[in-house]
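Trainee: I have a structure open on my screen and I keep meeting words whose basis I would like to understand. Could we go through them together?

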Amino acid sequence: MTEIPSRWKGICQAGQEFNSSLCNKKIIGARYFNRGMHQAGFPSIEMPTNSARDDEGHGTHVASIAAGNYVHGASFFGYANGIARGVAPRARLAVYKVMWYGGVSSDILAGIDQAVADGVDIISISLGSRQFELYENPLSIASFAAREKGIVVCLSAGNEGPDVHTVRSGIPWAVVVASGTVDRWLGGKLTLGNGKSITGWTTFPARATIRNLQVFYSKSLSACNSAQLAQAPYDSIIVCNVTNGNTDFDSVMKNLQNSSVRAVIVIAEDPSIFRYNSFPFPGVVITPNEAREVIAYAAGGSLSTASIDFQLTILGDGPRAAPALSQDSSRGPGMSYEGILKPDLMAPGVSILAAYSPYATDTPTIGNNIYLWSDYTLLSGTSMACPHISGVAALLKSAHPDWSPAAIQSAMMTTANHLDNTNQPIREVNGTVATPLGIGSGQVDPNRALNPGLIYDANVQDLVNLVCSMNFTRKQTQTIVKSTNYNCSNPSSDLNYPSFVALTHSADIGRVVTRRFKRTVTNVGDGAAKYRVKVEVPANTTVRVRPHTLVFQKKNEKRSYIVKIRYNADIDTHHRAGSLTWIEQSGKYTVRSPIMVSAAADNFS
């Protein structure tokens, strides 16, 4: 890599098991913050690896996703084998360790503030805060200061789904990221003796020999507890059913390790299983539909045999369409502030392969006492989704150094894809269509984001006006907006944002409600352009846009439009999705914004 830019002010802070010489042209900064943890009443805690070194693996994993360099032959014990790289592999990294048995607000604030002072361009935050009020949340306070300096802040939405109103840090000045599945299936091929084959899911971390063994199924033994497993034939493949509610995947795996069976076929429909990287016993997971043929075949007794091949990686739209919204990805409206639609975007966050720390103790096992280690592992969560967006933001910052954080965010949002790889609307893992409360604008599309056509821009004063409209006290407002260079003379909740949310408050129920929005777009396309609006109208709603056409004479010219959303405020259809898209007349650009008519928080209290 080239020389470190002279504007960089960061350091490589030495500490336990971490020498300052370990930084290089790739990792150009490393710091750690735990003074607040000690001063908050935990002075007796012995810090695990009291330095910037990652001893858990989470930080290594997310950093690798955002900006990891090219690594050939990366895999998770043979699964997802190939060349690994981060989204922005030529970007430099500075790491700020702020979590120790959890974390305290002062350490989080100190870490982000130091990153700003050091001169970072993008801040990727894969952690949450229990404080959801914007004037108490350290992520809110510190990210506002970062935006003042032109820094894009990306934040994981949280893993408290699938219920709505679970995005704890719904921060208007941060890019909040949801988690979705990828078009990669990690599996094992189950081949029955009659020639029928089923590709099940597995991450069993070895190439086990499971050849022509008896398939055993008994409904009375299918919970596969220890006593039941003792009755299974020796060296058989047992069929266990975790859909009946009397057992679960973890219990079955634990019981199998003390049994005399050789492998397992697990019948399951809980989507959370497909997030696991722990599969300590040879076997595959299949669906109840697939299981019918297996159970019927197993009725043949000892003549019914099967084989299992492991370490398969299947790409494309089978066996499931992708992306799909992860079940546990937090949903909006945001708990911090619900007047801006959150999350903003979705990115890959389920079974993501990335680098891992050799010091981590949470590693895959085979059986009870064989612990494995790999340079790369599979992890799931919005923590993994967030650095994908951070990496894309870094690429956009490099391509368009004059763009503001709002412009970069807008480019990612308005070019995001709301369709999956079968060209159907992105769905929840249970098959229902996902709404913007889960996926925001949709799955990020880095290539399209480089040239979005139009952007929705906003400056710091616009954000100040938003804060001033929130009915905070003067002290609360100043906690967020520290600078005296701004004022509250023009408070406005109508931020120039690339999405729309019309809230239904409990007092609105039974009424017809109209919400008005003003938006201004900037032409960042090739030059003169003409755009026409297309609206997908939410149910029981009317949407009026004026004007219908936007004409630009030159690049960087601005045009404004008004949107009026009128709807029946009825609780039975309190979450209704639509969209507003500006389409350039040649078809080169489509600039899409989600519309969400949504129940406000006071409907749930």
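**Charges and cover**

Mentor: Happily! Let us begin with two residues, Lys 342 and Asp 344, which are both buried. Please keep in mind that this is a predicted model.

Trainee: What makes Lys 342 and Asp 344 a salt bridge?

Mentor: The closest N and O atoms of Lys 342 and Asp 344 are 2.7 Å apart. A salt bridge asks for a Lys or Arg side-chain nitrogen within 4 Å of a carboxyl oxygen of Asp or Glu, so the pair qualifies.

Trainee: How many salt bridges does the structure hold?

Mentor: There are 15 salt bridges. One of the pairs is Glu 3 with Lys 25, where the closest N and O atoms lie 2.9 Å apart. Glu 3 and Lys 25 both sit in the segment before strand S1 (27–32), 22 residues apart.

Trainee: Why is Glu 3 called exposed, and Lys 25 partly exposed?

Mentor: Exposed means over 50% relative accessible area, and Glu 3 has 59%, so the word fits. Lys 25 has 35%. That value falls between the 20% and 50% limits, so Lys 25 is partly exposed.

Trainee: How do you know that Arg 211 and Asp 309 form a salt bridge?

Mentor: By the distance again: their closest N and O atoms are 2.6 Å apart, and the cut-off is 4 Å. Arg 211 lies in strand S10 (residues 210–216) and Asp 309 in strand S14 (residues 305–315), so this salt bridge ties together parts that are 98 residues apart in sequence. Arg 211 is partly exposed, at 41% relative accessible area, and Asp 309 is also partly exposed, at 27%.

Trainee: Which residues are joined into one network by salt bridges that share partners?

Mentor: Asp 508, Arg 511 and Arg 515 are joined in that way.

**A patch and a strand**

Trainee: Which residues form the positive surface patch?

Mentor: The patch is formed by Arg 516, Lys 518, Arg 544, Arg 546 and Lys 564. Strand S24 (512–523) and strand S26 (541–546) are the elements that give two or more residues to the patch.

Trainee: What makes Arg 516 open enough for a patch, and why is Arg 516 called exposed?

Mentor: A patch residue needs over 30% relative accessible area, and Arg 516, in strand S24, has 52%. The word exposed needs over 50%, so Arg 516 meets that limit too.

Trainee: Thr 522 is in strand S24 as well. Is Thr 522 buried or exposed?

Mentor: Thr 522 is buried: its relative accessibility is 6%, and buried means under 20%. Leaving out residues up to four places away in sequence, Thr 522 touches Gly 453, Leu 454, Ile 455, Asn 556, Glu 557 and Lys 558.

**Helices**

Trainee: Why is helix H9 (residues 405–414) called mostly covered?

Mentor: Just count the buried residues: 10 of the 10 in H9 are buried. Among them are Pro 405, Ile 408, Met 412 and Thr 414.

Trainee: What makes Gln 114 partly exposed?

Mentor: Gln 114, in helix H3 (residues 105–118), has 24% relative accessibility. Buried would need under 20% and exposed over 50%, so Gln 114 falls in between. Not counting residues up to four places away in sequence, Gln 114 touches Arg 31, Phe 33 and Tyr 96. From Gln 114 to Ala 142 the C-alpha distance is 9.9 Å, with their positions 28 residues apart in sequence.

**Backbone details**

Trainee: Where are the cis peptide bonds that you have for me, and what are their omega values?

Mentor: The bond from Gly 161 to Pro 162 is cis, with omega near 10°, and Pro 162 is in the loop between strand S6 (152–156) and strand S7 (175–180). The bond from Gly 332 to Pro 333 is cis too, with omega near -5°. Pro 333 lies in the loop between strand S15 (324–325) and strand S16 (345–348).

Trainee: What is the phi of Phe 77, and why is Phe 77 called buried?

Mentor: Phi of Phe 77 is near 50°, a positive value in a residue other than glycine. Phe 77 has a relative accessible area of 18%, and the limit for buried is under 20%, so Phe 77 counts as buried.

Terms used. Residues numbered from 1 in each chain as written. Predicted model: local features only at pLDDT ≥ 70, side-chain atom pairs only at ≥ 80, totals over all residues. Heavy atoms only, no water. Patch = residues over 30% accessible without salt bridge, like charges linked within 9 Å, V, L, I, M, F, W, Y side chains within 5 Å. Areas by Shrake-Rupley, 256 points an atom, 1.4 Å probe, with all protein chains shown as cover. Lys, Arg positive; Asp, Glu negative; His and termini not counted. Charge placed at Lys NZ, Arg CZ, Asp CG, Glu CD. Helix = DSSP H or I, 4+ residues; strand = E, 2+ residues; numbered from the N terminus. Buried < 20%, exposed > 50% of the residue type's maximum accessible area, 1.4 Å probe, protein only. Contact = heavy atoms within 4.5 Å.
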